[in-house]
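Here are some short exercises to work through with the model open in your viewer. Try each task before you read its solution.

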Amino acid sequence: AIDIATELLAIKPHLVSVRNNLALCLFHINRMSEALVVAKETAQLFPENRFAEAALGRTLCLLGQLDEANQIADQLVTSFADQQDALAAQAEFLSFLGRDDDIVDLVDFSDNIVEIVPQCRGLLYHYKAVALMRKGHVKEAHAAWKHCLKEYPNCPPAKMNLDELKAATDCHAPWAEVLHKWIPFQSMTAIVATL
């Protein structure tokens with residue numbers, strides 16, 4: 001994917017989705033500094049692109065640069081995106097930072113946007129459920145996960161969280177994302193080998 005993205009960008013350097021995916025791929029193979037460079041370049045080239053803004057914030061967050069990530073989040077919450085992919089990226093980024101009130105506000109804002117496919121709307125409700133659960137609103141979180149699965153029946157993290165809630169004992173919910181979204185595969189492999 002990195003090779004193809006690099007080839008495409010050599011021909012058309014302003015393909016924002018290719019740039020966003022390149023940064024994500026670089027992160028996942030543990031090329032962190034390169035991922036950050038691509039994410040910063042993309043956000044600078046496309047200052048009005050709300051997805052690129054959230055992608056940069058996410059990269060900063062995952063690299064432990066929380067002050068910078070929170071500065072981006074502070075800007076982001078003054079005006080949420082009006083496009084579904086950008087809204088989903090913003091919700092994921094805010095969830096990584098633990099900005100639960102902002103996530104609830106974002107999802108409530110998104111309810112007024114008609115042009116969101118059910119799978120994306122379901123994912124937004126998953127992030128809202130996680131935020132509500134972290135705030136101690138278990139019943140509301142449960143209802144939000146149910147809403148998520150109505151819109152996106154195969155949403156794995158929503159199913160996992162609901163299953164844990166039903167188990168009642170040894171419940172570790174909420175989980176916003178699976179571990180490999182947070183930690184590159186190579187890092188997880190190295191941790192397992194060390195253990």
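**Exercise 1. Locate proline 47, decide whether proline 47 is buried or exposed, and say how far proline 47 lies from alanine 131.**

Step 1: Keep in mind that this is a predicted model. Scroll to the loop between helix H3 (32-45) and H4, and you'll find proline 47 there.

Step 2: Check the surface. Proline 47 has 57% relative accessibility, and the cut-off for exposed is over 50%. Proline 47 therefore counts as exposed.

Step 3: Pick the two C-alpha atoms. Proline 47 and alanine 131 sit 84 residues apart in sequence, and their C-alpha atoms are 28 Å apart in space.

**Exercise 2. Take stock of the whole chain: what is its secondary structure, and how does its radius of gyration relate to the globule rule?**

Step 1: Go through the secondary structure. You should get eleven helices and zero strands. Written from the N terminus, that gives α-α-α-α-α-α-α-α-α-α-α.

Step 2: Turn to the radius of gyration. The chain has a value of 17 Å, close to the 16 Å that the globule rule gives for 195 residues, so the chain is as compact as a globular protein of that length.

Step 3: Add the dimensions. The C-alpha trace spans about 50 × 45 × 30 Å along its principal axes.

Step 4: Look at burial and contacts. Of the 195 residues, 46% are buried. Take the contacts between residues at least 6 apart in sequence, and 53% of them join residues at least 24 apart.

**Exercise 3. Work out how H4 and H5 are oriented, and which residues meet between them.**

Step 1: Get the geometry. Helix H4 covers residues 50-62 and helix H5 covers residues 66-76; they pack at an angle of about 155° with axes 8 Å apart.

Step 2: Classify the angle. Anything over 145 degrees counts as roughly antiparallel, so H4 and H5 are roughly antiparallel to each other. The crossing of H4 past H5 is left-handed.

Step 3: List the partners. H4 brings Arg50, Glu53, Ala54, Leu56, Gly57, Leu60 and Cys61, and these meet Leu66, Glu68, Ala69, Ile72, Gln75 and Leu76 of H5.

Step 4: Sort them by type. The contact of H4 with H5 has eight nonpolar, two polar and three charged residues.

**Exercise 4. H6 packs with both H7 and H8: work out whether H6 is roughly parallel or roughly antiparallel to each one.**

Step 1: Start with H7. H6 and helix H7 (residues 100-110) pack at about 165°, their axes 9 Å apart. That makes H6 roughly antiparallel to H7, and H6 passes H7 in a left-handed crossing.

Step 2: See who touches whom. From H6 come Leu87, Gln90, Ala91, Leu94 and Ser95, and from H7 come Asp102, Ile103, Leu106, Phe109 and Ser110. By type, the contact of H6 with H7 has six nonpolar, three polar and one charged.

Step 3: Move on to H8. H6 and helix H8 (residues 118-134) pack at about 20°, with axes 10 Å apart. An angle under 35 degrees counts as roughly parallel, so H6 is roughly parallel to H8. Here, too, H6 makes a left-handed crossing.

Step 4: Read off this contact. Gln84, Leu87, Ala88, Ala91, Glu92 and Ser95 of H6 meet Cys120, Leu123, Leu124, Tyr127, Val130 and Arg134 of H8. They divide into eight nonpolar, two polar and two charged.

**Exercise 5. Decide whether glutamine 84, phenylalanine 96 and arginine 99 are buried or exposed, and look up what surrounds them.**

Step 1: Glutamine 84 is in helix H6 (residues 84-97). Its relative accessibility is 18%, so glutamine 84 counts as buried. Not counting residues up to four places away in sequence, glutamine 84 touches Glu115, Ile116, Val117 and Cys120.

Step 2: Phenylalanine 96 is also in helix H6. With a relative accessible area of 8%, phenylalanine 96 is buried. Phenylalanine 96 and alanine 176 are 80 residues apart in sequence, but just 7.8 Å apart C-alpha to C-alpha.

Step 3: Arginine 99 is in the loop between H6 and H7. At 16% relative accessibility, arginine 99 counts as buried. Leaving aside neighbours within four places in sequence, arginine 99 contacts Asn70, Ala73, Asp74, Val77 and Leu94.

Notes
Residues are numbered from 1 along each chain as its sequence is written. This is a predicted model: local features need pLDDT of at least 70, side-chain atom pairs count only at pLDDT 80 or more; totals for chains, interfaces and linings use all residues. Side-chain values use heavy atoms; hydrogens and water are left out. Axes are lines fitted to C-alpha atoms, for helices over the stretch in contact, and angles run from 0 to 180 degrees between N-to-C directions. Helices (H or I, at least four residues) and strands (E, at least two) are DSSP runs, numbered from the N terminus. Angles under 35 degrees count as roughly parallel, over 145 as roughly antiparallel, 65 to 115 as roughly perpendicular and the rest as oblique. A crossing is left-handed if the near helix is turned anticlockwise from the far one by less than a right angle, and right-handed if clockwise. Contact means heavy atoms within 4.5 Å. Ala, Val, Leu, Ile, Met, Phe, Trp, Tyr, Cys and Pro count as nonpolar, Asp, Glu, Lys and Arg as charged, and the others, Gly among them, as polar. The radius of gyration is taken over C-alpha atoms; the globule rule is 2.2 Å times the number of residues to the power 0.38. Buried means under 20% relative accessible area, exposed over 50%, partly exposed in between (1.4 Å probe, protein chains only).
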